[in-house]
2 protein chains.
Amino acid sequence: MKYSKATNYALHTMLHLAVAAPDKPVGVQQLAEQQHVSPTYLSKILTKLVKEGMITSASGANGGYSLVPHWKDISFLDIIHAIEGKSSLFDCDVTHGPGCLIQEAMVSAEEKMEEALRNQTIAEIAKKMTVD
Amino acid sequence: MKYSKATNYALHTMLHLAVAAPDKPVGVQQLAEQQHVSPTYLSKILTKLVKEGMITSASGANGGYSLVPHWKDISFLDIIHAIEGKSSLFDCDVTHGPGCLIQEAMVSAEEKMEEALRNQTIAEIAKKMTVD
DNA sequence: GCGTGATTACTCGGATACAAGATGTCCGAGTTTGAGCGG
DNA sequence: CCGCTCAAACTCGGACATCTTGTATCCGAGTAATCACGC
């Protein structure tokens, strides 16, 4: 069980956009260089963020990706869900009656983590970065 | 990001041992039937639990797996760590200065979940099952 | 000066290749129980 | 009744086979800004 690298790339890209250029579009090449990823792969990841409405993409010359106006509301959980999906971490597919107590316990613990991630915004981290 | 089926099998096996036979050894075939897994695969999983000291295995006729004496202290987190490993869910391998704030935020959230799992014991669930 | 077209710098999306890990199977080896058998 | 042997029922562990998923690349298509050219 690991978070995928794609999630890591997505989080770092969001943070970079927030710190460096909250309004101007940034090309995928520039973003890719900073994280040592291939531009095409990063583009594939960012497409997911576009579909979830966290960033917008501008085609053509001087194009690139930029944050949406309400970007300060975006939490870690939003980004993670966009990349990893929204399904639960644990699936009890054993057929043993209606309610699986193990499933309930696991989901309950998972929600603790999600709550923490929901209260953690990119804007907060970006602020720490600029102060530093 | 998903918990593996192996973790699911391990949790269910532990629960079953706790409910049905806290002291007598149970054969791997019987355990496998209830979860619709092949005995050899389940055996491979249970070997990990043996190495982590949560169950013991008895060879020979009437052999099988049984819980260790202090099984009431075993938490969900112990079992998960035995199967999934103890490493963090998130690795920021981007080279950008010493402390990655994203990494810190992720680990912090992860610890919330681990705390919940550490406080959830198999014995608790087993008790609910028998009352029911 | 101004419109028009070509060029350039981008993103988008699908198809594909590759690697790693999860999942599952097979088989030989070792171990304990218990039954059978001979003394 | 005792002790020996042997078979049966198990687990153990490594070596495979398979399948899914994450990771990454390639390429053609579309799009917008910019530049060049001709009127």
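This note covers the contact between chain A and chain B and the protein surface near DNA strand D, as they appear in a predicted model.

1. Extent of the protein contact. Chain A and chain B each bring 40 residues to their contact, and the area buried between the two chains is about 3,500 Å², with carbon and sulfur atoms giving 74% of that area. On the side of chain B, Met1(B), Lys2(B) and Ile102(B) supply 21% of the area that this chain buries against chain A, which is more than any other three residues supply.

2. Polar and charged pairs between the chains. The interface of chain B and chain A holds 2 salt bridges by the rule applied, and one of them joins Asp91(A) to Lys2(B), with the closest N and O atoms 2.8 Å apart. Lys2(B) is thus named twice here, as a partner in this salt bridge and among the three residues that supply 21% of the area chain B buries against chain A. The number of residue pairs in polar contact between the two chains, with both residues at pLDDT 80 or more, is 12.

3. Elements of chain B that face chain A. Five helices of chain B, namely H1 (5-20), H2 (28-35), H4 (76-84), H5 (101-118) and H6 (122-131), each supply at least two residues of the side that touches chain A. The largest share, 10 residues, comes from H5(B). Sorted by class, this side of chain B has 21 nonpolar, 11 polar and 8 charged residues.

4. Surface near DNA strand D. There are 23 residues around DNA strand D, and those that come nearest are Lys5(A), Ser38(A), Val28(B), Ser57(B) and Tyr65(B). At least two residues of this surface are supplied by each of helix H1 (5-20) and helix H3 (39-51) of chain A, and likewise by each of helix H3 (39-51), strand E1 (55-58) and strand E2 (64-67) of chain B. By class, the surface near the strand has 8 nonpolar, 12 polar and 3 charged residues.

5. Contacts with the DNA backbone. Of the atoms of DNA strand D within 4 Å of the protein, 72% belong to sugar or phosphate, the rest being base atoms. From chain A, a polar side-chain atom of Ser38(A) lies 2.6 Å from a phosphate oxygen of the strand, while a polar backbone atom of Ala6(A) is 3.5 Å from a phosphate oxygen. From chain B, a polar backbone atom of Val28(B) is 2.5 Å from a phosphate oxygen of DNA strand D.

Notes: Residues are numbered from 1 along each chain as its sequence is written. Chains are lettered from A and ligands numbered from 1 in the order in which they are written. This is a predicted model: local features need pLDDT of at least 70, side-chain atom pairs count only at pLDDT 80 or more; totals for chains, interfaces and linings use all residues. Side-chain values use heavy atoms; hydrogens and water are left out. Contact means heavy atoms within 4.5 Å. Buried area is the accessible area (1.4 Å probe) that two parts lose on being put together, summed over both. A salt bridge is a side-chain nitrogen of Lys or Arg within 4 Å of a carboxyl oxygen of Asp or Glu. A polar contact is a pair of N or O atoms within 3.5 Å; within protein, one must be able to donate a hydrogen and the other to accept it, and residues adjacent in sequence count only if both atoms are side-chain atoms. Helices (H or I, at least four residues) and strands (E, at least two) are DSSP runs, numbered from the N terminus. Ala, Val, Leu, Ile, Met, Phe, Trp, Tyr, Cys and Pro count as nonpolar, Asp, Glu, Lys and Arg as charged, and the others, Gly among them, as polar. A residue is near a molecule or strand if one of its heavy atoms lies within 4 Å of it.
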